[in-house]
Amino acid sequence: MKFLEGKKALVLGIASNRSIAWGISDSLRKNGAELAFTYQNDKLKDRVDKLARECDSDIIMPCDVSEEGSIKNMLDQLSKKWTEFDIIVHSLAFAPREELEGNYVDKTTKEGFLSAHSISSYSLLELCKEAKPMLKGSNPSVISLSYLGAVRGMPNYNVMGVAKASLEANVRYLAYAMGAENIRVNCISAGPIKTLAAAGISDFRKMLDHVEKNAPLRRNVTIQEVGDTASFLASDGASGITGQVLYVDSGFNIIGMPAID
Ligand code: 0WD
């Protein structure tokens with residue numbers, strides 16, 4: 001028996017087959033989970049539909065977390081197919097592109113700050129709040145995605161780093177608040193991976209090169225590796241783990257200085 005057999009997972013944040021959410025979906029499916037998907041807008045609908053079919057799923061629903069009521073509407077729609085489910089994958093974030101380069105102080109606006117926090121962090125709370133009555137099963141698991149910029153100063157990551165710090169604190173408070181109902185909440189802090197969202201970060205190529213040269217494993221990670229870690233966190237094997245930030249980054253977060261050649 002596959003270790004996620006009998007579990008149902010809702011996945012938010014697929015934009016392409018390079019998305020981290022796709023690596024996670026592929027792994028969850030291979031390990032036996034049934035899947036449902038959301039797409040942010042009509043432009044992405046066909047692409048998400050095609051990827052859903054690759055996972056034997058015909059449940060795809062619109063959800064733009066920045067729109068009032070969108071999460072609730074999506075869950076109402078889902079409840080017609082599933083009365084209960086086990087896993088939420090929250091793999092989405094946003095900050096205005098022009099604020100993801102240059103000096104944090106000069107570039108950040110109040111509007112950009114608020115939208116980055118609302119879409120990248122608050123949406124996880126709203127999702128948990130609305131989905132809680134449906135999150136049942138042996139060991140329900142909520143998984144989000146963070147980045148090292150939450151806890152370290154980074155060039156260009158700017159307001160997104162501050163929003164990720166909020167997300168990581170949000171994960172701890174959600175874990176604390178929902179633990180009594182046996183709902184676990186964790187996030188994976190992934191190393192840099194070339195996706196559509198990453199393309200919006202200035203000098204992203206240089207970040208990939210830097211990790212490849214300096215991380216203990218001397219390479220970047222893949223969406224498959226992040227996916228397999230998410231499958232573990234979603235499984236009964238991780239039933240004692242909640243409120244954690246788990247690094248899948250070739251060990252980059254532990255280094256104290258760059259490699260000396
Ligand atoms: O290096 C990377 N790629 C890393 C990404 C390293 C560490 C963490 N992450 C995080 C991201 O910050 C994000 O939280 O992983 C998560 C997934 O990001 P991704 O897979 O790199 O990016 P992508 O394939 O672009 O998917 C994210 C999608 C959006 O795509 P675009 O390209 O439009 O930004 O998030 C979705 C959207 O489809 N999204 C939304 N979904 C619903 N409502 C919204 C929204 N308002 N905004 C963005």
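Begin by selecting Asn158, which is found in helix H6; helices (H or I, at least four residues) and strands (E, at least two) are DSSP runs, numbered from the N terminus. The model is predicted: local features need pLDDT of at least 70 and side-chain atom pairs count only at pLDDT 80 or more, whereas totals for chains, interfaces and linings use all residues. Residues are numbered from 1 along each chain as its sequence is written, and side-chain values use heavy atoms, with hydrogens and water left out.

**Helix H6**

Display the backbone of Asn158: its phi is near 45°, a positive value in a residue other than glycine. Asn158 counts as buried because its relative accessibility is 10%; buried means under 20% relative accessible area, exposed over 50%, and partly exposed in between (1.4 Å probe, protein chains only). Next select Ala169, which also belongs to H6, residues 158–178. With 27% relative accessibility, Ala169 counts as partly exposed. A C-alpha to C-alpha distance of 9.9 Å separates Ala169 from Ala150, and the two are 19 residues apart in sequence.

**The sheet**

Now select the strands. An open sheet is formed by 7 strands, in the order E3-E2-E1-E4-E5-E6-E7, with parallel pairing. The edges are occupied by strand E3 (60–62) and strand E7 (245–248); each has a single partner strand, so one side of each is left without a neighbour in the sheet. From one strand to the next, the twist averages 20°. Two strands are taken to pair if DSSP finds at least two bridges between them.

Select strand E1, residues 8–12, where 4 of the 5 residues are buried. E1 runs parallel to strand E2 (residues 34–39), and 4 bridges join the two. To locate this pairing, display Leu10, which stands opposite Ala36 in E2. Then move to strand E5 (residues 141–146), which is joined by 6 bridges to strand E6 (residues 184–190), again in parallel. Here the bridge partner of Ile143 is Asn186 in E6.

Add helix H2 (residues 42–54), which packs on the sheet and touches E2 and E3; the direction of H2 makes about 165° with that of E2. Contact means heavy atoms within 4.5 Å. Axes are lines fitted to C-alpha atoms, for helices over the stretch in contact, and angles run from 0 to 180 degrees between N-to-C directions. Helix H5 (residues 110–131) lies across E1, strand E4 (87–90) and E5, and runs at about 165° to E4.

In the loop between H2 and E3, select Asp56. Phi of Asp56 is near 60°, a positive value in a residue other than glycine. Asp56 counts as exposed because its relative accessibility is 61%.

**Helices H3 and H5**

Keep H5 on display and add helix H3 (residues 70–79): the two pack at an angle of about 40°, with their axes 10 Å apart. Their contact involves Ile71, Lys72, Met74 and Leu75 of H3, together with Ser123, Glu126, Leu127, Glu130 and Ala131 of H5. By class, this contact of H3 with H5 has 5 nonpolar, 1 polar and 3 charged residues. Ala, Val, Leu, Ile, Met, Phe, Trp, Tyr, Cys and Pro count as nonpolar, Asp, Glu, Lys and Arg as charged, and the others, Gly among them, as polar.

**Helices H1 and H9**

Select helix H1 (residues 20–30) and helix H9 (residues 223–234), whose axes come within 7 Å and cross at roughly 55°. That makes H1 oblique to H9; angles under 35 degrees count as roughly parallel, over 145 as roughly antiparallel, 65 to 115 as roughly perpendicular, and the rest as oblique. Display Ile20, Trp22, Gly23, Ile24, Ser27 and Leu28 in H1, which meet Ile223, Val226, Gly227, Asp228, Ala230, Ser231 and Ala234 in H9. The residues of this contact of H1 with H9 divide into 8 nonpolar, 4 polar and 1 charged.

Colour H1 by accessibility: 8 of its 11 residues are buried, so H1 is largely enclosed by the rest of the structure. Beyond H1 comes Gly32, whose phi is positive, near 105°.

**The loop before H9**

Finish at Val221, in the loop between helix H8 (204–214) and H9. At 9% relative accessibility, Val221 counts as buried. Leaving aside neighbours within four places in sequence, Val221 is in contact with Gly191, Ile193, Val248, Asp249 and Ser250. Val221 and Val248 are 27 residues apart along the chain, and their C-alpha atoms are separated by 7.2 Å.
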